[in-house]
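Please open the structure in a viewer and keep the selection tool at hand. The tour below proceeds from stop to stop, stating what to select and what is found there.

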Amino acid sequence: MRFASLGSGSAGNALVVEVKQTRLMLDCGFSVKETSSRLSRLNLSPADISGIVITHEHDDHAGGAFKFAAKHNIPVWLTYGTLKMATRYFPGEHDLRLNIIDSHTAFSIDEIEVRPYPVPHDAREPVQYVFSNGSHTLGVLTDVGRITPHIEEQLSGCHALVLECNHDANMLQNGPYSWSLKKRVGGDLGHLENAESANLLARLDNSKLQHLLAAHLSAKNNTPLLAQSALANVLGCAVDWIGVADQSKGFDWRAIV
């Protein structure tokens, strides 16, 4: 089992999870052309993608998913609430293969078990996901305003984690955003700041953890070093052991063994 990011941030998000010949794309916030280009950096083509799973309808996560899926005949999995809000992204003439999921019910796509779980975020029916090959798990959490006991339960004991470290509280407070946007980003339906992500990490069972990636960093209200330091302090590890999902390059393949 391995995973890689095509890019993470407010300008677009996509992550690929691979088990044997099954490759799932989590979100697709890039154009069709850009997504194909970023896949090629991982030595993948659109034909290698078995399916797309969507977290929520915001443009940076779903904006390119349906055109990409329609062009390459790739099935898509998403909640009913996300579907109702995402029709604006559908291509004019399309033959989409859509699968509606329940936010509390796991399902399988070929070799990968997919476990959705609901999260508080300012979207219609947002979820995040845990992926498994039966013996190893990858937990992903981005775009969440606050931590719930259910989130802790889902992410505890994972072998790899991709955690949102959207902003530093002080940088957000003193940064260039309008007051209304600061309230949204820092609110209970917004995004996690570094200390909140660190507090979550401290409450998890990390005994099996092989990889930890900080994701969805704000370009204006955070720095990689601040995010890495917050997470490294919890684990007592070197700062550079914590990976970062970059907006332009994502991160290269990480194997879970």
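Is glutamate 34 buried, partly exposed or exposed? Glutamate 34 is partly exposed, because its relative accessible area is 30%. Please bear in mind throughout that this is a predicted model.

**First stop: helix 1**

Select glutamate 34 together with arginine 38. Their side chains meet in a salt bridge, 2.7 Å from N to O. Both residues belong to helix 1 and are four residues apart, about one turn of the helix. In general, an α-helix has 3.6 residues a turn, so residues three or four places apart point the same way. Arginine 38 is buried, with a relative accessible area of 9%. Now add phenylalanine 30 to the selection: arginine 38 lies over the face of phenylalanine 30, at 4.1 Å from the ring centre.

**Second stop: proline 46**

Move along the chain to the loop between helix 1 and strand 4 (51–53), where proline 46 is found. With a relative accessible area of 14%, proline 46 is buried. Select serine 36 as well: the two residues are ten apart in sequence, and their C-alpha atoms are 6.3 Å apart in space. Beyond residues up to four places away in sequence, proline 46 touches Ser36, Leu39, Phe68, His72 and Ile74.

**Third stop: the nonpolar cores**

The largest nonpolar core has 28 residues. Select Leu6, Met25, Leu39, Ile52, Phe66 and Phe68, which are the residues with the most contacts inside this core. Among the elements that give two or more residues to the core are strand 1 (2–7), strand 2 (14–19) and helix 1 (32–41). Helix 3 supplies the largest share, four residues. A second, separate core has 26 residues, including Trp77, Ala160, Ala245 and Ile256.

Return to isoleucine 52. What does isoleucine 52 touch, not counting residues up to four places away in sequence? The residues touched are Met25, Asp27, Ala65, Phe68, Ala69, Ile74, Pro75, Val76 and Trp77.

**Fourth stop: an aromatic pair**

The structure holds four aromatic pairs. For one of these pairs, select phenylalanine 66 and phenylalanine 90, whose rings are tilted, with 4.9 Å centre to centre and 55° between the planes. Phenylalanine 66 lies in helix 3 (residues 65–72) and phenylalanine 90 in the loop between helix 4 (80–86) and strand 6 (98–101), so the pair ties together parts that are 24 residues apart in sequence. Both phenylalanine 66 and phenylalanine 90 are buried.

**Fifth stop: salt bridges between distant parts**

How many salt bridges does the structure have? The count comes to five. Select arginine 2 and glutamate 18, whose side chains meet in a salt bridge of 2.7 Å, N to O. This pair links distant parts of the chain, since arginine 2 is in strand 1 and glutamate 18 in strand 2, 16 residues apart. Arginine 2 counts as partly exposed at 28% relative accessibility, whereas glutamate 18 is buried, with a relative accessible area of 11%. Add Arg23 to the selection to see a network of salt bridges that links Arg2, Glu18 and Arg23. Then select tryptophan 253: arginine 2 lies over the face of its ring, at 3.8 Å from the ring centre.

Next, select arginine 184 and aspartate 122, whose side chains meet in a salt bridge of 2.6 Å, N to O. Arginine 184 lies in helix 7 (residues 179–186) and aspartate 122 in the loop between strand 8 (112–118) and strand 9 (127–132), so this pair ties together parts that are 62 residues apart in sequence. Arginine 184 is partly exposed, with a relative accessible area of 34%; aspartate 122 is also partly exposed, at 28%.

**Last stop: helix 9**

Select residues 224–235, which form helix 9 and include glutamine 228. Which residues of helix 9 are buried? They are Ala227, Gln228, Ala230, Leu231 and Ala232. The cover over the buried residues includes helix 8 (194–202), strand 12 (211–215) and strand 13 (243–244). Glutamine 228 counts as buried because its relative accessibility is 14%. Leaving aside neighbours within four places in sequence, glutamine 228 is in contact with Val239, Asp240, Ile242 and Val244. Finally, select glycine 236, just after helix 9, which takes a positive phi of about 70°.

Note on methods. Residues numbered from 1 in each chain as written. Predicted model: local features only at pLDDT ≥ 70, side-chain atom pairs only at ≥ 80, totals over all residues. Heavy atoms only, no water. Phe/Tyr/Trp six-rings, centres within 6.5 Å; stacked < 30°, edge-to-face > 60°. Buried < 20%, exposed > 50% of the residue type's maximum accessible area, 1.4 Å probe, protein only. Lys NZ or Arg CZ within 6 Å of the ring centre and 35° of its normal. Core = buried A, V, L, I, M, F, W, Y, C linked by side-chain atoms within 4.5 Å. Contact = heavy atoms within 4.5 Å. Salt bridge = Lys/Arg side-chain N within 4 Å of Asp/Glu carboxyl O.
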